[in-house]
Amino acid sequence: MTFLTRLKAETHALHMELEQALPLGRPGLTLPQYGAVLETFAAVVFPLEERLRQLAWNDAFEVEARWRSEALLQDLSGLELKLPAPASQFQTLTPLQGMGALYVLEGSRLGGAIIARDLARLGLNATHGAAFFSPSAHLAPDWKRFKEALTREVTEDEETEVVSGAQLTYQVFLSAWREKSKLDKVTE
Ligand code: HEM
């Protein structure tokens, strides 16, 4: 089994759980529900990226093009929402766990094509409220190069730690969303 197959397999259940928990992709998605998703993402992605930016990255990861907080900030301001308090701290994330976290962050672009279609029905687009979930024109090659970087950089005895970083990141997204939807009484 290649490392990428393992990474995908060992995070598959968490991806499913998150995809099902989030109201994205549901026909009746409302603007307040979407706003709650954006706030949750911002509460996770801002502290996560702050940690990831402290780590040393091989050029192959092209991290400068991978950061997502700008897009979130733009979406929050488009919807007149404020940047929320961090949902978690990631200061103990190791460099290898950071690679797993970046995999989750980068992968969150992949569902964008489906999600952006629904957001268009709410009048949102890449320049208004839906920058984070709007897929870029070079999504597929960007993702391919990211996976190649992971394959090249992660040795066999490092794999488990990278997977644990990805799992932890999914879990933070999940618990932040559960907390948020409870507080806002947004129907899941
Ligand atoms: C309702 C929301 C979502 C939908 C509909 C969705 C859909 C998808 C789809 C269709 C793919 C496969 C794309 C491909 O292989 O070309 C994918 C992959 C992926 N998604 Fe999502 N996704 C959603 C939310 C998320 C979120 C919130 C995250 C992370 C925070 C995420 C992380 C990933 C990752 C890491 C992969 C790559 C899996 C792999 O091939 O290794 N997704 N998603």
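Residues 24 or more positions apart account for 84% of the contacts in this chain with a separation of 6 or more, where two residues are in contact if their C-beta atoms, placed from the backbone, lie within 7 Å. The model is a predicted one, in which local features need pLDDT of at least 70, side-chain atom pairs count only at pLDDT 80 or more, and totals for chains, interfaces and linings use all residues. Residue numbers start from 1 along each chain as its sequence is written.

**Overall build**

The chain holds seven helices and zero strands, giving the pattern α-α-α-α-α-α-α along the sequence. These elements are DSSP runs numbered from the N terminus (helices: H or I, at least four residues; strands: E, at least two). For 188 residues, a compact globule would have a radius of gyration near 16 Å, and the chain agrees because it has 16 Å. That radius is taken over C-alpha atoms, with the globule rule being 2.2 Å times the number of residues to the power 0.38. Along the principal axes, the C-alpha atoms fill a box of roughly 45 × 35 × 30 Å.

**The core and α7**

Buried residues make up 31% of the 188 residues. A residue is buried if 20 or more other C-beta atoms lie within 10 Å of its own, exposed if 12 or fewer, and partly exposed in between, with C-beta atoms placed from the backbone. The largest nonpolar core has 42 residues, of which Phe41, Val44, Ala101 and Ala166 touch the most other members. Two or more residues of this core come from each of α2 (31-54), α3 (69-78), α4, α5, α6 (139-153) and α7 (159-184), and α2 provides the largest share, 11 residues. Such a core is a set of buried Ala, Val, Leu, Ile, Met, Phe, Trp, Tyr and Cys residues joined through C-beta atoms within 7 Å. Leaving aside neighbours within four places in sequence, Phe41 is in contact with Leu72 and Phe132.

Let's follow α7 next. Its 26 residues should span 38 Å at 1.5 Å a residue, and the end C-alpha atoms agree because they are 38 Å apart; the expected span is 1.5 Å times one less than the number of residues. Among the buried residues of α7 are Val162, Ala166, Tyr170, Phe173 and Trp177. The cover over the buried residues of α7 includes α1, α2 and α4.

**Around the ligand**

Of the 16 residues around the ligand, Lys8, Leu24, Gly107, Ser108 and Gly111 come nearest. Here, a residue is near a molecule if its C-beta atom, placed from the backbone, lies within 6 Å of it. The elements that give two or more residues to this shell are α1 (3-21), α4 (95-107) and α5 (112-121), and α1 gives the most, with four residues. The shell divides into nine nonpolar, five polar and two charged residues.

**Three glutamates**

Glu19 lies in helix α1, and its C-alpha atom is separated by 9.5 Å from that of Leu174, 155 residues apart along the chain. Glu62 has a positive phi of about 50 degrees although it is not a glycine, and Glu80, also other than glycine, has a positive phi near 55 degrees.

| Residue | Place | C-beta neighbours inside 10 Å | Class |
|---|---|---|---|
| Glu19 | helix α1 | 12 neighbours | exposed |
| Glu62 | loop between α2 and α3 | 14 neighbours | partly exposed |
| Glu80 | loop between α3 and α4 | 8 neighbours | exposed |

Just after α7, Lys185 takes a positive phi of about 55 degrees.

Key:
Ala, Val, Leu, Ile, Met, Phe, Trp, Tyr, Cys and Pro count as nonpolar, Asp, Glu, Lys and Arg as charged, and the others, Gly among them, as polar.
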